[in-house]
Amino acid sequence: MESLLVSTGVVALAEIGDKTQLLAFLLAARFKKPVPIILGILAATVVNHGLAGAVGAWITHSISPDILRWVLGASFIGMAIWTMIPDKIEDEETQVAKRFGVFGATLITFFLAEMGDKTQIATIAMAAHYADPLLVVIGTTLGMLIADVPAVFVGDKLANKIPMKLVHSVAAAVFAVLGVATLLGAGAGFGF
């Protein structure tokens with residue numbers, strides 16, 4: 001359960017102010033059709049984070065535990081730093097909507113926007129860190145939905161009221177604690 005809960009919480013916090021959340025705001029404002037947007041977010045996230053979870057599981061089996069501990073620890077600390085850098089949305093990511101409808105546009109733009117994004121990298125790192133990558137993928141997908149579904153419904157009204165620096169600071173602190181704990185071998189008793 002720890003892998004599910006930590007993955008959900010970390011990604012929900014990291015997603016606030018992220019470019020995919022900004023994309024959710026933009027798509028909601030443009031199309032005003034929440035159901036296909038939410039379904040597109042869900043489908044894109046399941047595919048993207050499923051691939052990330054598979055990569056994380058592969059890394060776990062391909063790298064020795066000692067090297068993996070240092071790579072994961074450094075990755076979590078890197079994520080802490082990256083979380084403090086605000087995202088901006090690329091305008092071309094939203095142009096796809098003109099050709100593929102609301103669901104298709106959301107699916108494609110979210111999938112592409114999430115490639116190499118901090119929440120995808122976090123999914124890889126957590127899937128490599130925890131023993132059950134499936135629970136990590138479920139957790140990171142839930143975290144994305146927790147952050148993005150309200151964005152679809154309330155749009156910019158909510159974005160202007162959330163203390164982004166505080167949210168990013170909390171997410172960065174969680175990543176930093178995970179990084180330090182991993183470097184110190186906190187998970188060694190659990191086999192990772």
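**Exercise 1. Determine how many helices and strands the protein has, and in what order its elements run.**

Solution. Taking helices as DSSP runs of H or I with at least four residues and strands as runs of E with at least two, numbered from the N terminus, one finds eight helices and zero strands in the protein. From the N terminus on, the elements therefore read α-α-α-α-α-α-α-α under that definition. The model is a predicted one, in which local features need pLDDT of at least 70 and side-chain atom pairs count only at pLDDT 80 or more, while totals for chains, interfaces and linings use all residues. Residues are numbered from 1 along each chain as its sequence is written, and side-chain values use heavy atoms, with hydrogens and water left out.

**Exercise 2. State what share of the residues is buried, and what share of the contacts joins residues at least 24 apart.**

Solution. Begin with burial, where buried means under 20% relative accessible area, exposed over 50%, and partly exposed in between, with a 1.4 Å probe and protein chains only; of the 192 residues, 46% count as buried. Turn next to contacts, defined by heavy atoms within 4.5 Å: among those between residues at least 6 apart in sequence, 90% join residues at least 24 apart.

**Exercise 3. Compare the span of helix 2 and of helix 6 with the expected span, and list which residues of each are buried.**

Solution. The expected span is 1.5 Å times one less than the number of residues. Helix 2 (residues 19–31), with 13 residues, reaches 18 Å from its first C-alpha to its last, close to the expected 18 Å. Helix 6 (residues 118–129), with twelve residues, reaches 16 Å between the corresponding atoms, close to the expected 16 Å. As to burial, the buried residues of helix 2 are Lys 19, Thr 20, Gln 21, Leu 23, Ala 24, Phe 25, Leu 27 and Ala 28, whereas helix 6 is mostly covered, with eleven of its twelve residues buried, including Lys 118, Gln 120, Met 126 and His 129. Helix 2 is followed by Lys 32, whose phi is positive, near 50 degrees.

**Exercise 4. Identify which residues Ala 57 and Val 6 contact beyond four places in sequence.**

Solution. Ala 57 is found in helix 3 and counts as buried because its relative accessibility is 18%. Its contacts, leaving aside neighbours within four places, are with Ala 127 and Pro 133; Ala 57 and Ala 128, 71 residues apart in sequence, have C-alpha atoms 5.3 Å apart. Val 6, placed in helix 1 (residues 2–15), is partly exposed because its relative accessible area is 22%. Val 6 touches Met 126, Tyr 130 and Leu 178 when residues up to four places away are not counted, and its C-alpha lies 8.9 Å from that of Met 126, although 120 residues separate the two in sequence.

**Exercise 5. Locate the nonpolar patch on the surface, and decide whether Leu 42 and Thr 45 are buried or partly exposed.**

Solution. The patch consists of Val 35, Leu 39, Leu 42, Val 46 and Phe 103, which together have about 410 Å² of accessible area. Its largest share, four residues, comes from helix 3 (residues 34–62). Leu 42 lies in that helix and counts as partly exposed because its relative accessibility is 33%. Thr 45, also found in helix 3, is buried because its relative accessible area is 2%; residues up to four places away aside, Thr 45 touches Gly 50, Thr 141 and Met 144. Patches are made of residues with over 30% relative accessible area and no salt bridge, like charges being joined within 9 Å and nonpolar side chains (Val, Leu, Ile, Met, Phe, Trp, Tyr) within 5 Å; a salt bridge is a side-chain nitrogen of Lys or Arg within 4 Å of a carboxyl oxygen of Asp or Glu. Accessible areas come from the Shrake-Rupley method with a 1.4 Å probe, and for residues only the protein chains shown count as cover.
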